[in-house]
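Visitor: Hi, I have a structure open and would like to talk through the spaces inside it. Could you take me through it slowly?
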Amino acid sequence: MATPPPFADEGTLHRALGFRDLVVYGLLFIAPMAPVGVLGTLSAKSHGAVALVYVVATVAMAFTAHSYAVMVRVAPQAGSVYTYARVGLGEGPGFIAGWMAMLDYLLIPAVAYLFSGIAMHALVPAVPQWVWTAAAVVVTTGLNLWGVRAAAAVGFVVLAMELAVLAVFVVTAVIALAQDGPRRGWLTPFTGEGGFDAGAVLSAVSVAVLSYLGFDAIASFAEESAGGSPKVARAVVTCLVVAGALFVLQGYLAALLAPMSPAELAARPAGQGAAFYDTVDAATGLWLHHLVAASKAIGAAFAALAGQAAAGRLLFAMARDRRLPGRLAKVDRASGVPRLAVLGAASVTLLAAVWAARRADGLDRLVSVVDVGALVAFGLLHLSVMGWFARRGGRGLARHVVVPLLGLAVVIAVIVTAARTAQSVGAVWLLGGLLVLAGQGVRRGAAR
């Protein structure tokens, strides 16, 4: 499919990203230690089978990765799921897919910035939490405006730091296991305590898949990939496989060393969020606790950098198709960055993050609503694959129906089990998108 012509005065996105850069953006957005905050919850839900939960979650998300890899070849353009739904299902579904993805790309960075602000405030209490949060937004926005290649280079350094901290955890955990042995059976992280329970594992998988949100951001940089759509598709799959392996490894080691049993965690929900840190404290001491916390503070800000960059590309693509104000589709000729789109995304994220940072319940409120937008967009992505190939028939049609159907089933299951607040916010946001779409239809009809 040909790339739609840009506005005459907008410039073009620069093809500056290599395969490594794409993987860096994906892993930054996901964060190598993303499971830290949910390991206690997963252990309680799965009866301790945390490693198996992440194996199943990786396989479940592979269906979504497959759909991205297929559609990035069909439509190698910026905009990700918005573009794919537009070519696979039509203009209306495309707009709704972009609208729902926008909720994800604007709020997930806000949560990440808030995590960074909370961690920095804990280290330097004299500076208010909201000031640290705003500072993280300003610094990473500056990097994004500098240029996609420069941001990727700095992001690579931060990602290397995060992986180094994870490696320290792995080494110290292995040493602790060699010296003192595990607190439970070696296979327990795959089988659970007290016998395998498939229902419990699947219940935990619905939470674990949320750790993977962000790998899809790679597809937003399709027009900036020096290797074209094949490299983007390979980077999407590579990012998922690497993240899945890291998550399984963390889950396995933490489950073996955890001082609290899954039953104890289930009985004490308030202690689930700190379960990973309690494990680190019991096995290695406070020094690693502080190292992991500092890494999470820096890593969260750069996860938001990747999300903000993806949000800018989404706004750029929708504006280029005149679904959003056309000024957002202009690209700075020197940096190759859609400056106004990035600044627009940064402004919304800044407001959400600072608002949450100034409230005692701000983090809970943000976390409870960030998931549904991405999940609905994933669902439309799978439908796009089926729609595109169903109209064309030919070889491979069955594969392009069965795999997306499995992915769609996973998405629906996670949405059904999502928090009521998230479902309500998602429904309101969807209604808003439908109203905007209807308004655009009326205006276009009047113009004719």
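Guide: Let me begin with a term we will need: helices here are DSSP runs of H or I with at least four residues, numbered from the N terminus. Please also keep in mind that what you see is a predicted model.

Visitor: Okay, so which helices each supply at least two residues to the lining of the second largest cavity?
Guide: Helix 3 (50-74), helix 16 (371-392) and helix 17 (399-416) each do so, and helix 17 gives the most to that lining, with 4 residues.

Visitor: And what volume does the second largest cavity have?
Guide: Its volume is about 50 Å³, and the residues that line this cavity are Ala 60, Met 61, Thr 64, Leu 213, Leu 375, Phe 378, Gly 407, Val 410, Val 411 and Val 414. Sorted by class, the lining of the second largest cavity has 8 nonpolar and 2 polar residues, with no charged ones.

Visitor: How many cavities of 30 Å³ or more does a search of the whole structure find?
Guide: The search finds 3 of them, and the largest cavity holds about 170 Å³ of space.

Visitor: What lines the largest cavity, then?
Guide: Its lining is made up of 19 residues, and those nearest the centre of the cavity are Ser 43, Ala 254, Ala 258, Leu 265 and Thr 279. Helix 2 (39-46), helix 10, helix 11 (262-267) and helix 12 (275-283) each supply at least two of the lining residues, with helix 12 giving the most, 4 residues.

Visitor: How do the residues of that lining divide into nonpolar, polar and charged?
Guide: For the largest cavity the lining divides into 11 nonpolar, 6 polar and 2 charged residues.

Visitor: Switching to pockets: how much space lies in the second largest pocket?
Guide: About 170 Å³ of space lies there. Helix 5 (91-123), helix 6 (129-146) and helix 13 (286-320) each bring at least two residues to its lining, and the largest share, 5 residues, comes from helix 6. Among the lining residues of the second largest pocket are Ser 116, Trp 132, Thr 140 and Phe 302, and by class the lining has 9 nonpolar, 2 polar and no charged residues.

Visitor: What about the largest nonpolar core, which residues have the most contacts inside it?
Guide: Tyr 25, Tyr 54, Phe 169 and Phe 276 have the most contacts inside this core, which has 144 residues. Helix 13 contributes the largest share of the core, 18 residues.

Visitor: Which residues is Phe 276 in contact with, leaving aside its neighbours within four places in sequence?
Guide: With those neighbours left aside, Phe 276 is in contact with Met 33, Val 36, Leu 39, Phe 169, Ala 254 and Val 292. Ala 254 has come up before, as one of the residues nearest the centre of the largest cavity.

Visitor: Last topic: how many aromatic pairs does the count come to?
Guide: Pairing rings whose centres lie within 6.5 Å, the count comes to 12 aromatic pairs. In one pair, the rings of Tyr 212 and Phe 247 have centres 5.2 Å apart and planes at 70 degrees, so this pair is edge-to-face.

Visitor: Why does that pair tie together parts that are apart in sequence?
Guide: Tyr 212 lies in the loop between helix 9 (198-208) and helix 10 (228-257), whereas Phe 247 lies in helix 10, so the pair ties together parts that are 35 residues apart in sequence.

Visitor: Are Tyr 212 and Phe 247 buried or exposed?
Guide: Tyr 212 is buried, and Phe 247 is buried as well. Together with Tyr 54, Tyr 212 and Phe 247 form one aromatic cluster, and Tyr 54 is also among the residues with the most contacts inside the largest nonpolar core.

Definitions and conventions: Residues numbered from 1 in each chain as written. Predicted model: local features only at pLDDT ≥ 70, side-chain atom pairs only at ≥ 80, totals over all residues. Heavy atoms only, no water. 1 Å grid on protein atoms, 1.4 Å probe; cavity = no way out; pocket = protein on both sides within 12 Å on 5 of 7 lines; lining within 4 Å. Points joined across faces, edges and corners; volume = space filled by probe spheres on them. Nonpolar A, V, L, I, M, F, W, Y, C, P; charged D, E, K, R; others polar. Core = buried A, V, L, I, M, F, W, Y, C linked by side-chain atoms within 4.5 Å. Buried < 20%, exposed > 50% of the residue type's maximum accessible area, 1.4 Å probe, protein only. Contact = heavy atoms within 4.5 Å. Phe/Tyr/Trp six-rings, centres within 6.5 Å; stacked < 30°, edge-to-face > 60°.
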